[in-house]
Structures are given as C-alpha cells and as structure tokens.
Amino acid sequence: MNKNIPFLDLVSPHLQLEDELISVFRDALRAGKFIGGPAVEGFEKDFALFCDAKYCIGVGSGTDALRFALMASGVKPGQIVVTVPNTFIATTEAISQAGASIGFVDIDEKTYNMDPAKLREYIETQCKAGSDGRPIHNKTGQTVSAVVPVHLYGQVADMDAIVAMARTYNLKIIEDACQAHGAQYFSKKENRWRMAGSIGHAAAFSFYPGKNLGACGEAGAVTTNDEAMAKTTKMIRDHGQAQKYYHDIEGYNGRLDAIQAGILSVKLKHLPAWTETRRVAAKKYNEMLQRADGIGTPFEGEGSKSVYHLYVIRTKRREELQSYLVENNINTGLHYPVPLHLQKAYECLGYKKGDFPVSEEVAEELISLPMFPGLADHQQKYIVEKIQEWQFKL
Ligand SMILES: *Cc1c(COP(=O)(O)O)cnc(C)c1O
C-alpha cells in the first residue's frame, strides 16, 4: 500500500500505445520527413476539428503559440495586453516577447480565472477612451489592444463577459488554452456549448508532455476561426515565409516536428476517454473530500465542463499538508506558489504585495493532488485517507 503515488504518470499511457508510437517514428525515418509534411497537416486538421475551430497551426511549444498568436493578432510593441497574475510565466513572457507591456487584473475567488468585473474596472478606472474605441492607459498613454484569459487547471474562463467587453473596447482575445484541451463552456448569449480554443480570435495550446494532450517532446498549436490570423501565424512560425526563401516579414523557427505531430495524432484519439477518466476521478475526490473540514474543493460552474488538467484543493496549511503527504509517499504540486506580479523577473514593473489580493491569497493556499488517467480508485482513497488522518492530528 505504501507504494509511491506519483503526481503524474508519463510512463503507462505511452507503454499502452508503444507499438503505435514507435511506428510513427519508423514511418518518419522511412519517409525522411521530419519538419512539416503530411503528419503535421494531418494533426492540424484533426485538432482543428476536435476544437471546433476552422484552423490549427502546429508550432514548437505553447509559449510559441501564445507569442505567435499575439503577434498575428496585430499586437504592436508599446501596447498593453491584459492577463492575470496567477498563471505560468509563459503567458506573460509571450506578451513581453511580442513587444507589448503586461497589464494585470485579479481573478475570481471561486474559479481562479480572470474576473471580468476586474477587467471592466481596469478599463473604466485606469484608462480613457482612445479614438478607435480602444482604452488608453492613463499613466503610460499606451493602448490596450488584447486580453489573454487563461483557462486555468482545465476550466474555461467566463468568456461571455470577456467577449462582450472585448467587443465594446475593440480588444483582441487570445485564449491561453494550454491547460484546457477539450474543455467546454456554455455560452448563455449564444445558448450553446463552446470548445476552448474556438471562442477568442485565436487560442494557444501546449502539448508539453505533462499536459492533457502531450507530445513526447515540445509542441504546441494555435487555433483560430480567422483565415488571415491563420495565414499570418503560419508565416511567423516559418521565418516569415509563405514561399520558401521569399520572406514577407521576419519570423521565427517555431514549427511543429513531424514526429511529434504523428505522436499527437495517435494520442488525440484517446483524449476524450482520458478526459472522462479525469472528470470521474475529480468527482470521486469531490465526494470523498466533502467530509474534510477546511479543505476547499474545485468549483465547476454550471456552464462549465472542466478537463481537470489539475485537481487543486485549498487549505490554509498547505505546506504542512504537502509534507505530510510526502511522508506518506504521495506527491503533490503547487500551481503556482508566487503570483507573477511578485516574481523577481517582474520587479521592474513596480508591483507590491496587496495589488492583486485574490491571486496572492490563493497562491499561498492551493495544492494540486495527483491527477492523471490511470489514477486508481484505491490510490485516491489512500490519498483522501491521509488528508483526513492529517486533519485529526491538528
Ligand atoms: C504549459 C503552459 C504554457 C506554456 O506551454 P509550453 O508548451 O510549455 O511552452 C503556457 N500557459 C499555460 C497556462 C501553461 O500551463
């Protein structure tokens, strides 16, 4: 029973598909096709279909996807792109590397996603209206041109409200869907379910191995319904060329490997089933943890189907809980312990503690429990037992 419970299992799912995955490699060797080609185009088609988006452009990573999508959406150096402080730094790296400045707004206490009311407050109290309807920041005079809602832990942000605001203020929306492959959101305005990655002007996905759909290396994708966005993103990922050696702009080397694309196509077929097992496991955790005092379980809104990239609980004493679980061979994660506005890398932005109180509070209280397809019932029971045992000792 005391066998180690990993936070994430990256071995078993690949061993189950070992023959198929190895034949992807063998096919690439025999075809001599490593960059671009039918494997990449095939995956792009499949993933666009999966996301209910018109176009998918495979790129080198989720960070590439964010950066390229921002650039292709017309974000210019000197403009502001607004996002949240409780995300992985790739979100803001992409904003800076697209030449823009980072604007932060705080999150919703329940969903941990961007609070649309805070976005409104940012625009209405810190900005004045510019000539094209876009907000201009009072202090810096910079134009706010885009917003990046992060679908954190696998749950889509409150997109109806964010889309409405983006329409009013002429902002582009780039969804950070790096943790939300297959997540769904019920749009009350449209009276239908929408897939993550099909709602904004474009979206960024990561296929880092630990993500819900992971490559066996680095990979990512941009999805969009906008043909011009798709065309520009394709050029940016490939040195600014649509035709070899004719460069309309300067771009990047940010293409998707053929081998990774082939691997992703094999794994994509299993993603709906894997997502279902994550949702079932989340439900089991929720039920079992109901009796645990002082432990907050994830909130999933009525109009939301989270894909539980992470199963994150909340407690005032998470360091103690984490040590106790480690002593009992249970591995957990912290996502994320330091909000971005308080990171050393962003000291230059001049933020201080207290600027984004909700993000700061949850950064100190959240702890992610083991969550992956293949997490067994008895493992979940053991984890919850240990959490309850820890509570009795308090
Ligand atoms: C993983 C992740 C990224 C970056 O993706 P990479 O493929 O690692 O570059 C960006 N944003 C979020 C929220 C992520 O979880």
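Here a biologist and a modeller talk through a predicted model, starting at the ligand and moving on to the strands.

Biologist: Which residues come nearest to the ligand?

Modeller: Gly62, Thr63, Gln179, Ser206 and Lys211 come nearest, out of 14 residues around the ligand. By class, that shell has five nonpolar, seven polar and two charged residues.

Biologist: What makes the pair between Ser206 and the ligand a polar contact?

Modeller: A polar contact needs a pair of N or O atoms within 3.5 Å. A polar side-chain atom of Ser206 lies 2.6 Å from an oxygen atom of the ligand, so the pair falls within that cut-off. Gln179 passes too: an N or O atom in its side chain is 2.8 Å from a ligand oxygen. For Asp176, the partner is a nitrogen atom of the ligand, 2.9 Å from a polar side-chain atom.

Biologist: And how much of the ligand does the protein bury?

Modeller: Taken alone, the ligand exposes 380 Å², and 93% of that is buried by the protein.

Biologist: Which elements give two or more residues to the shell?

Modeller: Those are helix H4 (62-72) and helix H5 (90-97). H4 gives the largest share, three residues.

Biologist: On to strand S2, then. Why are its residues called buried?

Modeller: Buried means under 20% relative accessible area. Ile80, Val81, Val82 and Thr83 are all buried, so each of them is under that 20% mark. As for direction, Ile80 and Val82 point one way from S2, and Val81 and Thr83 the other. That fits the general pattern, where side chains in a regular strand alternate between the two faces of the sheet.

Biologist: How do you know that S2 pairs with strand S3?

Modeller: Two strands pair if there are at least two bridges between them. S2 and S3 (residues 101-104) have four bridges, in the parallel sense, so they count as paired. Thr83 stands opposite Phe104 in S3. The chain gets from S2 to S3 through H5, and this β-α-β crossover is right-handed.

Biologist: What pairs with S2 over three bridges?

Modeller: Strand S6 (residues 144-147) does, also in the parallel sense. There, Val82 stands opposite Val147.

Biologist: Why do strands S9 and S14 stand at the edges of their sheet?

Modeller: The sheet is open, with three strands in the order S9-S8-S14 and antiparallel pairing. S9 (192-195) and S14 (304-305) each have a single partner strand, so one side of each is left without a neighbour in the sheet. Between S8 (residues 184-187) and S9 there are four antiparallel bridges, and Tyr185 stands opposite Arg194 in S9.

Technical notes. Residues are numbered from 1 along each chain as its sequence is written. This is a predicted model: local features need pLDDT of at least 70, side-chain atom pairs count only at pLDDT 80 or more; totals for chains, interfaces and linings use all residues. Side-chain values use heavy atoms; hydrogens and water are left out. A residue is near a molecule or strand if one of its heavy atoms lies within 4 Å of it. A polar contact is a pair of N or O atoms within 3.5 Å; within protein, one must be able to donate a hydrogen and the other to accept it, and residues adjacent in sequence count only if both atoms are side-chain atoms. Accessible areas come from the Shrake-Rupley method with a 1.4 Å probe; for residues, only the protein chains shown count as cover. Ala, Val, Leu, Ile, Met, Phe, Trp, Tyr, Cys and Pro count as nonpolar, Asp, Glu, Lys and Arg as charged, and the others, Gly among them, as polar. Buried means under 20% relative accessible area, exposed over 50%, partly exposed in between (1.4 Å probe, protein chains only). A crossover is right-handed if, with the strands pointing away from the viewer, the path from the first strand over the helix to the second runs clockwise.
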